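Please open the model in your viewer with the side chains shown as sticks, and keep the selection panel at hand. The tour goes through the enclosed spaces of the protein, one selection after another.

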Amino acid sequence: MDVPTWAWAAFGLFVLAMLAIDLLAHRKAHVIEFKEAARWSILWVSIGLGFALVVWASFGATAAGEYTAAYLLEKSLSVDNLFVFALIFAYFKVPAQYQHRVLFYGVIGALVMRAVLLGVGVQLLDTFHWLLYVFGAFLIYTAIKMARDGGEPDADPGKSFAVRMLRKLTPVSDEYDGQKFWTRRNGIRMATPLLAVLVAVEAADLVFAVDSIPAVLAISDETFIVYTSNAFAILGLRALYFLLSGMMGKFHYLGMGLAVILGFIGVKMLITDIWHMPIWLSLSVIAVVLATAVVASIKRPLPEDEAKDPATLAAEKELDPSKEHTGA
């Protein structure tokens, strides 16, 4: 697929424009309510799925199908990120009105990080085809591990290597200073806990990228398709977080559904040289598994005391109530 330079430039300008609009809309710190999150979620999903029509018109139906499958795959895998974001915010006791700022800059970092990792991944597969089997086996291993863990994310923000390194490189204040990442205490410039939160979020996204990038490369090896699908899924991640905040604990089968999807993609990669699975089948499996997980969660809800959001679970199970986890 020959993608002209102007197409990349147009996509980049569009993303920058949307980020600027988002930043202006949230320039003042405030709590993102459900209705506002719903409006932004609808907008981002509409843009993400609507871009498939642009790909169809420019590169044909096959490319559009690959883009749609990659977008839905990345969107579904990003659900795990939401659970970890909630855990991180709970651990550091981030005031609700500051959470959007963290996620905004987290998205910018994720876009840059994914560009580098996806570019490297495509080049590696072009040069070393056998890596396809390594990626496939890794996805199956990850799927089995997720299934054994009950689909729950395994993360401890306090033990994050990135956060520990930040604390070694610079002093971190005990208190938040509005939306600032840096502050001064007694004439000393130091990081605020909000910067530690941002570092933890970026580190978590890097971990998830290790799973999602091999998975999306199983759908397509076209750099334009894999990156644009990742970018649009990531851009809508903040709104989705605030939309589902407080309800994530109710979708208790989603983790298992994601494990099934990762296992399916891993098998797809392992058999690709024997049978190239049609894109409509991959798209159908992803959609059916996600729908089944959501419906099953609704039909068979957990007891009320178990159906809690990750923030509540983190506070009850992982936090020491005698300590204030703010970044000091």
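The model is a predicted one, and the first stop is the second largest cavity, which has a volume of about 60 Å³. To see its surroundings, select Asp-22, His-26, Ile-32, Ala-37, Trp-40, Trp-44, His-100, Arg-238, Ala-239 and Phe-242, the residues that line this second largest cavity. If you then colour by secondary structure, helix H2 (34-59) and H9 can be picked out as elements that each supply at least two residues of this lining. Colouring by residue class instead divides the lining of the second largest cavity into 6 nonpolar, 2 polar and 2 charged residues.

Next, clear the selection and move to the largest cavity, where about 80 Å³ of space lies. Its lining is obtained by selecting Phe-85, Leu-103, Gly-106, Val-107, Ala-110, Val-201, Asp-205, Ile-234, Leu-237 and Arg-238; Arg-238 appears in this list and also lines the second largest cavity.

Which helix gives the most to the lining of the largest cavity? Select H4, which contributes 4 residues, and then add helix H7 (193-219) and helix H9 (237-244), since helix H4 (99-127) and these two each supply at least two residues of that lining. By residue class, the lining of the largest cavity divides into 7 nonpolar, 1 polar and 2 charged residues.

To close the tour, display both spaces together: the count of cavities of 30 Å³ or more comes to 2.

Note on methods
Residues numbered from 1 in each chain as written. Predicted model: local features only at pLDDT ≥ 70, side-chain atom pairs only at ≥ 80, totals over all residues. Heavy atoms only, no water. 1 Å grid on protein atoms, 1.4 Å probe; cavity = no way out; pocket = protein on both sides within 12 Å on 5 of 7 lines; lining within 4 Å. Points joined across faces, edges and corners; volume = space filled by probe spheres on them. Nonpolar A, V, L, I, M, F, W, Y, C, P; charged D, E, K, R; others polar.
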